[in-house]
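Student: I have a protein model to go through before a group discussion. Could we walk through it together?
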Amino acid sequence: MKILIPILGDQLSLQMSSLQGISKSNSILLMVEVDEEANYVPHHKSKIAYIFSAMRHHAAYLRAQGWQVDYITYEQPDNSGSFTGELARAIERHAPDQIRVSEAGEWRVKAMIDSWGDRFDMAVHILPDTRFLASHAEFESWATGRKQLRMEYFYRDMRRKSGLLMDGDKPVGGQWNFDAENRKPATRDAAMPQPLSFPPDAITRDVIDIVERCFGHHIGRMERFGFAVTRAEALRQQAHFLDHALAHFGDYQDAMLSGEPFLWHSILSPYINSGLLDPLELCHEVEERYRQGRAPLNAAEGFIRQIIGWREYIRGIYWLAGPDYVTRNELGAKRPLPDFYWTGQTDMHCLSETIGQTIEFAYAHHIQRLMITGNFALLAGIDPAEVHKWYLAVYADAYEWVELPNSLGMSQYADGGMVASKPYASSGAYINRMSDYCRSCRFDVKQRIGPDACPFNALYWDFIARNDARLRDNPRMAMPYKNWDRMPQADKAAMNVQARKFLETLG
Ligand code: FAD
Ligand code: DLZ
Ligand code: SF4
């Protein structure tokens, strides 16, 4: 019995379900660099280079472990450009009896894999992706019958299930969530950690050349490409984070500083999502640091919540919501994405800083994504489908299952509150409190009206006013509407004019 096993670009782990319980001598692993995947959105150049290089290194690693790997490079002359086309060619080459594959991470590729059985008239075994704590069935059964889905309650179940930070059946420290301690603004500090940067080896340099040649028009710079491209390198970044950043991860999780893209974040998401790192193994390491007294509880709990809480919850929502989720637009936002999202060229310093580092590193941390680029798009009424495609393109960690509920749901409220209990909308005051951006901005964060007024201020009140019918009844929006109702009519009108004038400048 000969088995052909496609390994997708985000399945770079020896633990994949497709590799368990079969003989290496009867199996051929198929890995393909294809145009369809590289171009379904205009991915950041570093993202493509990272994935191709990590795939090439993983193929070498698999071979060293005794697997037979058939690897098709992007520039191979007969490369058909699609998963299905490459599978067809591989079937001709190897004449397998069976195809075996771990399930895809998104609806688009799932539909493709679901069609293979008929198309190739062959048994196709699709196995669950066991890199997650909750299966699809478990998430569905958790969600069934609940009036509102909230991450916090799901997270508590995941704590119980994994045993992470538990004392028997009680949470360590007597509390499930220490988020209230995790909102400190940061000051620049000589001891601030920087993530490791891995100099490109010959494989990565080749891939960077290909990307420059074939995707030169895509967003991004690769001069400072420093991603880990093997599991061994990713484990070094993991250890570096645990040793140098975890202890302050909680305190400064929401902070932003000019010229400091990484702060105390882990910079591990590309590796976790593509399979080089195991999320649960990482969480156990984090707990271990806490138990050894090397990281405080607010940091360890905060980090573990991001992984077994938010990451798992977001995946659950993606599959629960179905393939039409991508079309949701609860607030009816229609404006096109401003060009500066692709160039970083805007006078608004918070945006130029966040987008600038995105272009440079294919990275921005959560609060930058949520409260700078996301918040601006929400306030300005940008079409959520365009916002989604931007996030999917520009970040090295972006795969639809994790990006879409975060962008369309959490940040744009386009799902009407499935992910977030209220819109993450804020004026300039929040940005000023959590960052030093406003100090270097040509706009004045304290002003609401006039040529120097921070655009976020009038846009915020314009957002509140134009979504009155949709949001006023949300109990978590009671305060903004109370303040809006108290505002003198003349101020409301001036704010509206200010917002309109600004929006006209977006084109
Ligand atoms: P850290 O701050 O160190 O957090 C640790 C880990 O927790 C991350 O590596 C990640 O695996 C996980 N995590 C944290 N928050 C989330 C979350 N909300 N959803 C899922 N996992 C989370 N994350 C992605 O992995 N891919 C995306 O495409 C993506 N798109 C996003 C789009 C928007 C609009 C927003 C608001 C968030 C998005 N996130 C996405 C979540 C989060 O911003 C990133 O996971 C995080 O910034 C990655 O950087 P880090 O590894 O340094 O994370
Ligand atoms: C994101 C991406 C890119 C840019 N290129 C490839 C590729 O050439 N080959 C591949 O197998 N995977 C690639 N990926 C990741 C896939 O898009 C991802 O594995 C699927 O979307 C899984 O759902
Ligand atoms: Fe951003 Fe407004 Fe602050 Fe400028 S003043 S950095 S636009 S929040």
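Tutor: We shall take the overall form, the domains, the ligand shells and some local features in turn.

Student: What kind of model is this, and how are residues numbered?
Tutor: This is a predicted model, in which local features need pLDDT of at least 70, side-chain atom pairs count only at pLDDT 80 or more, and totals for chains, interfaces and linings use all residues. Residues are numbered from 1 along each chain as its sequence is written, while chains are lettered from A and ligands numbered from 1 in the order in which they are written.

Student: How many helices and strands are there in the protein?
Tutor: The protein has 23 helices and seven strands. Helices (H or I, at least four residues) and strands (E, at least two) are DSSP runs, numbered from the N terminus. The radius of gyration, taken over C-alpha atoms, is 24 Å, close to the 23 Å that the globule rule gives for 507 residues, so the protein is as compact as a globular protein of that length. The globule rule is 2.2 Å times the number of residues to the power 0.38.

Student: And what does the C-alpha trace span along its principal axes?
Tutor: The span is about 80 × 55 × 50 Å. Buried residues make up 47% of the 507 residues. A residue is buried if 20 or more other C-beta atoms lie within 10 Å of its own, exposed if 12 or fewer, and partly exposed in between, with C-beta atoms placed from the backbone.

Student: Which domains does the assignment give?
Tutor: It gives domain 1 (3–127), domain 2 (136–193 + 245–321) and domain 3 (340–505); the bounds come from an automatic or database domain assignment. Nine residues from domain 1 and six residues from domain 2 form the contact between these two domains, where contact requires C-beta atoms, placed from the backbone, within 7 Å. The centres of domain 1 and domain 2, taken over C-alpha atoms, are 31 Å apart.

Student: Changing topic: which residues come nearest to ligand 2?
Tutor: L8, G9, D10, E37 and G105 come nearest, out of 16 residues around ligand 2. A residue is near a molecule or strand if its C-beta atom, placed from the backbone, lies within 6 Å of it. Helices α1 (35–39) and α2 (45–64) each supply at least two residues of that shell.

Student: How does the shell around ligand 2 divide by class?
Tutor: It has nine nonpolar, three polar and four charged residues. Ala, Val, Leu, Ile, Met, Phe, Trp, Tyr, Cys and Pro count as nonpolar, Asp, Glu, Lys and Arg as charged, and the others, Gly among them, as polar.

Student: What about ligand 3?
Tutor: Ligand 3 is surrounded by 14 residues, of which C350, G428, C438, C441 and C454 are the closest. By class, this shell has eleven nonpolar, three polar and no charged residues.

Student: Which helix gives the most to the shell around ligand 3?
Tutor: That is α19, with three residues. At least two residues each come from α15 (349–361), α19 (428–434) and α20 (455–466).

Student: Back to the strands. Why is β4 largely enclosed?
Tutor: Strand β4 (residues 98–102) is largely enclosed by the rest of the structure because four of its five residues are buried. It pairs with strand β1 (residues 3–6) in the parallel sense over two bridges, and I3 stands opposite Q98. Two strands pair if DSSP finds at least two bridges between them.

Student: And on the β5 side?
Tutor: Five bridges join β4 to strand β5 (residues 123–127), and these two strands run parallel. R100 has H125 in β5 as its bridge partner.

Student: What covers the buried residues of α18?
Tutor: The cover includes α11, α13 (297–321), α16 and α17 (384–394). Eleven of the twelve residues of α18 (residues 400–411) are buried, so this helix is largely enclosed by the rest of the structure. After α18 comes Y413, whose phi is positive, near 55°.

Student: Where is A362 found?
Tutor: A362 lies in the loop between α15 and α16 (366–380). Its phi is positive, about 55°, although A362 is not a glycine. Most residues other than glycine have a negative phi. A362 is buried, with 28 other C-beta atoms within 10 Å.

Student: And L263?
Tutor: L263 is in the loop between α10 (246–249) and α11 (269–274), and has a positive phi of about 45° although it is not a glycine. L263 is buried, with 23 other C-beta atoms within 10 Å.
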